Amino acid sequence: MKPFYDQQGGAPTLIHQDQQNGASNGSELKDGTFQTSTTIGNKTYVIGGADSETLSIDVRIFDKCLGEWVNPTVLGTKPLSCEGHSVVLLKDRIIVLKKNPKPDDHTWFLEVDTQYVRRQKKKLGTEVVAWSKGVIGNVEKPVVISGPSGVGKGTLISKLMKEFPSMFGFSVSHTTRAARGMEKDGVHYHFSEKSIMEKEIKDGKFLEFASVHGNLYGTSVEAVEMVSDAGKRCILDIDVQGARSVRASSLEAIFIFICPPTMEELERRLRKRGTETEEQVLKRLRNAQAEIEQGKSSGIFDFILYNDKLAECYDSLKKLLGLDGYVTPPPNPAAREFNLPMDYSVCKLDDRIIIYDNSLELENIIMLDVSSLEGGAPGRTRGLDFIRMEQLHIQ
Ligand SMILES: Nc1ncnc2c1ncn2[C@@H]1O[C@H](COP(=O)(O)OP(=O)(O)OP(=O)(O)O)[C@@H](O)[C@H]1O
Ligand SMILES: Nc1nc2c(ncn2[C@@H]2O[C@H](COP(=O)(O)O)[C@@H](O)[C@H]2O)c(=O)[nH]1
């Protein structure tokens, strides 16, 4: 039996049992809210109730050494509060399985000691936890494309998206630069005010950001996740600084650097495009030299392609993405949904979580395999595998 902590006051109230692996699986409190507690070392993570502003599940920490409650900085998209949930402790994160959930909203992870959380704790100097939504299965790794301005990244990406519309989706970046004539907000970029974008960066909404040619550019977590949630492979068109940040993040991607055949040709393309003032063209060309050096030597990039003849470069790009002659079946979003029963208990066996209801009948027992998780905060946690025990029995 473990103490269960009263949300309101300082005194811990003993109200629940069902202790497994440091996690106590929940109780309804007097005010109708529901909470669970998970103890890791000296800290007890109390998950439950609803944040009155966002209606999301609340997180508080009781620090036994300090003998007091700590309100952590909570990063990531928060799950909406629900009728109840179960928790299971993994090494550095807590799985939160919602009760009576929607088919695509049952599994969440509260990261408490992952690399991302540790980095954020150091940066912010506060207690930090981060939410990450669990997703069944995996999508192919995102593709990061970098290269100097005018080299032809956008042209190559457009060709790819046109030829394989159901396979690729574009990560729409935020930028503080002004829109060009034909550019549409929300399609080419999310054109943002600097102060708003800076606030969102501070709130942890960006996977990466950088000051490029005098403006702020950034990839929001949401931009990448929207593409992945649609079952498509995400393409990011970002500069070398951004690629470096993504390389250091939990997003596993393929990194491709596009080089111009010569600096003269790069200048010719930039001028011919006619979208920049003379001053901006000169600035972009000055930056190009350093970007090419870093692109070739930094070790960030898995592949370097020269965009001399467009058709040849495009063919090479398709080849390295495994698309030469290969017909990929369209994604099936339904395969990434699963229904949990209305009410259930959980227990953990190694890398498997057993989900069962009171009947204990085989047909109502589900196994969640978490041995192949990928990604995580600040994005989704992929690789969930739900298996009905009934299916295993038949095989
Ligand atoms: N292989 C090529 N040969 C000749 N022109 C090209 C080639 N590839 C692209 N272009 C042209 O070069 C110009 C710049 O291309 P694009 O806008 O795709 O560059 P970019 O790398 O996306 O630039 P930015 O980083 O500024 O967005 C465009 O006018 C495009 O039509
Ligand atoms: N680090 C990031 N760089 C980005 C992002 N979106 C675009 N870019 C890069 O900026 C330059 C200039 O783009 P332009 O549209 O103004 O010509 C180019 O190198 C892009 O790759 C981003 O989200 N993050």
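Modeller: A polar contact is a pair of N or O atoms within 3.5 Å; inside the protein, one atom must be able to donate a hydrogen and the other to accept it, and residues adjacent in sequence count only through two side-chain atoms. This is a predicted model, in which local features need pLDDT of at least 70, side-chain atom pairs count only at pLDDT 80 or more, and totals for chains, interfaces and linings use all residues. Residues are numbered from 1 along each chain as written, chains are lettered from A and ligands numbered from 1 in written order, and side-chain values use heavy atoms, without hydrogens or water.

Colleague: Which residues come nearest to ligand 1?

Modeller: Near means a heavy atom within 4 Å. Ligand 1 has 15 residues around it. Those that come nearest are S149, K153, G154, T155 and R273.

Colleague: How far is the side chain of K153 from an oxygen atom of ligand 1?

Modeller: Start with the backbone. G150 puts a polar backbone atom 2.9 Å from a ligand 1 oxygen, and G152 has a backbone N or O atom at 3.0 Å from one. For K153, a side-chain N or O atom is the partner, at 2.6 Å.

Colleague: How much of ligand 1 does the protein bury?

Modeller: Areas are Shrake-Rupley values with a 1.4 Å probe. Alone, ligand 1 exposes 640 Å². The buried share is 74%.

Colleague: Which helices each supply at least two residues of the shell around ligand 1?

Modeller: Helices are DSSP runs of H or I, at least four residues, and strands are E runs of at least two, numbered from the N terminus. The helices asked for are α2 (153–163) and α6 (263–273).

Colleague: Which residue has a polar side-chain atom 2.7 Å from a nitrogen atom of ligand 2?

Modeller: 19 residues surround ligand 2, with S173, R177, Y189, Y217 and D237 the closest. Oxygen atoms of ligand 2 meet the side chains of S173 at 2.6 Å and Y217 at 2.5 Å. The nitrogen partner is D239.

Colleague: What percentage of the accessible area of ligand 2 does the protein cover?

Modeller: On its own, ligand 2 has 510 Å² of accessible area. The protein covers 96%.

Colleague: Which elements give two or more residues to the shell around ligand 2?

Modeller: Both are strands, by their β labels. They are β18 (206–212) and β19 (215–220).

Colleague: How many charged residues are in the shell around ligand 2?

Modeller: Charged means Asp, Glu, Lys and Arg; Ala, Val, Leu, Ile, Met, Phe, Trp, Tyr, Cys and Pro are nonpolar, and the others, Gly included, polar. The ligand 1 shell has three nonpolar, six polar and six charged residues. For ligand 2 there are five nonpolar and six polar residues, and the charged count is eight.
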